[in-house]
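Subject: Structure handover

Hi,

Here is the structure I promised to pass on. Please open it alongside this email; my notes follow below.

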Amino acid sequence: MIKKLLLLSLFPLLCQADPYPQNLTVPGGVAEINLGDSHSPSPNAYFNHNRVLVTERNGQWLALVGIPLAATPGLHKLMVESTAGNGEISFMVLDKHYPEQRLTIENKRMVDEMTPEDLRRIESEKISMEQIKSTWSQHPADTNFTAPVDGRLSSLFGLKRFFNNVPRQPHNGLDIAAVAGTPIMAPASGTVIGTGSFFFNGNTVFLDHGQGLISVYLHMTQIDVHTGQPVYQGQRLGSVGATGRVTGPHLHWIVYLNKEAVDPALFISSDIPRLAARNTK
Ligand code: ZN
């Protein structure tokens, strides 16, 4: 018993977050690409014409490339501009099989029976969300994430989704289920770049962590922050809820890199076993 308590008290130390996401070069993953000695000025890097996050690690510049879920396995190119000249770096994207998930949504208005007014709202929300996720701020990115909710993993990123047996977009986030009202905390420092109540996504908060690293919190009961507000790691953003298109209270957490949704689990990989273990209880 004493041993168990000791282990529990040591746990926060043991799962000290890795300051960088896990390198996983698959569709929906993150590729770490070394861009050389950081004594020279920071290079600019582009993937599919989108600017890519560049950070420093152990005296080297490192590009963290968000790989689209729709990427074809095979060789891809990162374009690099540096004081030494322009060039490209090839990297290999490996295949990954994402399982299927079939969900029943009782509210047909959330699946295929939207009113013309709903459709107009959905379209304008899509445009504003595109703008928000295109935010680029030049300051160094904070990639040192902790889990935003103390809950259990309920749906993994990348699942091939069917609503009422109709194929839909794959699951672009990680679902963490918790009772409604559970606090949602900023996983790293950043700035609130948008909040709102959206048709599918419900009450939503967008955070900018620098250099195209954007995290998004959906289906919240309550929002406790406002646009323009700086936040620190662990600061309360609001609480878990069931607003928008949901089957129960949970956080749908999206992480964008260079405008591509990537697997949020890669940013909290040391904490994933703890959150996943709760599914068996
Ligand atoms: Zn989800």
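D150 and R278 form a salt bridge, with their closest N and O atoms 2.9 Å apart. This pair links distant parts of the chain: D150 sits in the loop between α2 and β9, R278 in the segment after α3 (272-277), and 128 residues separate them. Bear in mind that this is a predicted model. D150 is partly exposed, at 45% relative accessible area. R278 is also partly exposed, at 23%. The contact is part of a network of salt bridges that links D150, D271, R274 and R278.

Other salt bridges

The structure holds 10 salt bridges. Two more are worth a look.

- K133 pairs with E130, with 3.2 Å between the closest N and O atoms. Both residues lie in helix α2, 3 residues apart, which is about one turn of the helix. K133 counts as buried, at 14% relative accessibility. E130 is partly exposed, with a relative accessible area of 39%. The cut-off for buried is under 20%, so K133 falls below it.
- R102 meets E100 through their side chains, at 3.3 Å from N to O. R102 is partly exposed, at 48% relative accessibility.

As background, side chains of opposite charge can pair when their charged atoms come close.

The zinc site

Which residues hold the zinc ion? H171 coordinates through NE2, D175 through OD, listed twice, and H252 through ND1. The distances run from 1.9 to 2.7 Å. In sequence, the spacing of the donor residues is H-x3-D-x76-H. H171 lies in the loop between β11 (166-167) and β12 (174-177), while H252 is in strand β20 (residues 250-257), so the pair ties together parts that are 81 residues apart in sequence. Both H171 and H252 are buried.

Why is the arrangement irregular? The 4 donor atoms subtend angles of 53 to 157° around the zinc ion, and that makes the arrangement irregular. To count as tetrahedral, four donors need all angles between 85 and 135 degrees. For reference, the ideal angle for four tetrahedral donors is 109.5 degrees.

Sheets and strands

One open sheet has 4 strands in the order β3-β2-β6-β7, with antiparallel pairing. Its edge strands are β3 (50-51) and β7, and each of them pairs on one side only. Strand β6 (residues 74-82) is joined to β7 by 9 bridges. Within that pairing, M79 stands opposite E88 in β7.

Another open sheet has 3 strands in the order β13-β19-β17, again with antiparallel pairing. Here the edges are β13 (183-185) and β17 (222-223), each pairing on one side only. Between β17 and strand β19 (residues 236-239) there are 2 bridges, and the two strands run antiparallel. I223 has G238 in β19 as its bridge partner.

Next, a hairpin. Strand β4 (residues 53-57) pairs with strand β5 (residues 60-66) over 5 bridges, in the antiparallel sense. T55 has L62 in β5 as its bridge partner. The hairpin has 2 residues between β4 and β5, and N58 in the turn has a positive phi of about 50°.

Surface patch

L75, M92 and L94 make a nonpolar surface patch of about 320 Å². M92 is placed in strand β7 (residues 85-93). M92 counts as partly exposed, at 44% relative accessibility.

Backbone and loops

Most residues other than glycine have a negative phi. Two asparagines in the loop between β10 and β11 have positive values.

- N164 has a phi near 50°. N164 is partly exposed, at 26% relative accessibility.
- N165 has a positive phi of about 75°. N165 is exposed, with a relative accessible area of 57%.

One last contact across the sequence: A147 and A265 are 118 residues apart in sequence, yet 8.8 Å apart in space from C-alpha to C-alpha. A147 is found in the loop between α2 (116-133) and β9 (152-155). A147 is buried, with a relative accessible area of 12%.

Best wishes

Key: Residues are numbered from 1 along each chain as its sequence is written. This is a predicted model: local features need pLDDT of at least 70, side-chain atom pairs count only at pLDDT 80 or more; totals for chains, interfaces and linings use all residues. Side-chain values use heavy atoms; hydrogens and water are left out. Donors are N, O and S atoms within 2.8 Å of the metal (3.2 Å for Na, K and Ca); water is not among the atoms, so sites may look incomplete. Four donors count as tetrahedral if all angles lie between 85 and 135 degrees; four count as square planar and six as octahedral if opposite donors are over 155 degrees apart and all others between 65 and 115; anything else is irregular. Buried means under 20% relative accessible area, exposed over 50%, partly exposed in between (1.4 Å probe, protein chains only). Patches are made of residues with over 30% relative accessible area and no salt bridge: like charges are joined within 9 Å, nonpolar side chains (Val, Leu, Ile, Met, Phe, Trp, Tyr) within 5 Å. Accessible areas come from the Shrake-Rupley method with a 1.4 Å probe; for residues, only the protein chains shown count as cover. A salt bridge is a side-chain nitrogen of Lys or Arg within 4 Å of a carboxyl oxygen of Asp or Glu. Two strands pair if DSSP finds at least two bridges between them.
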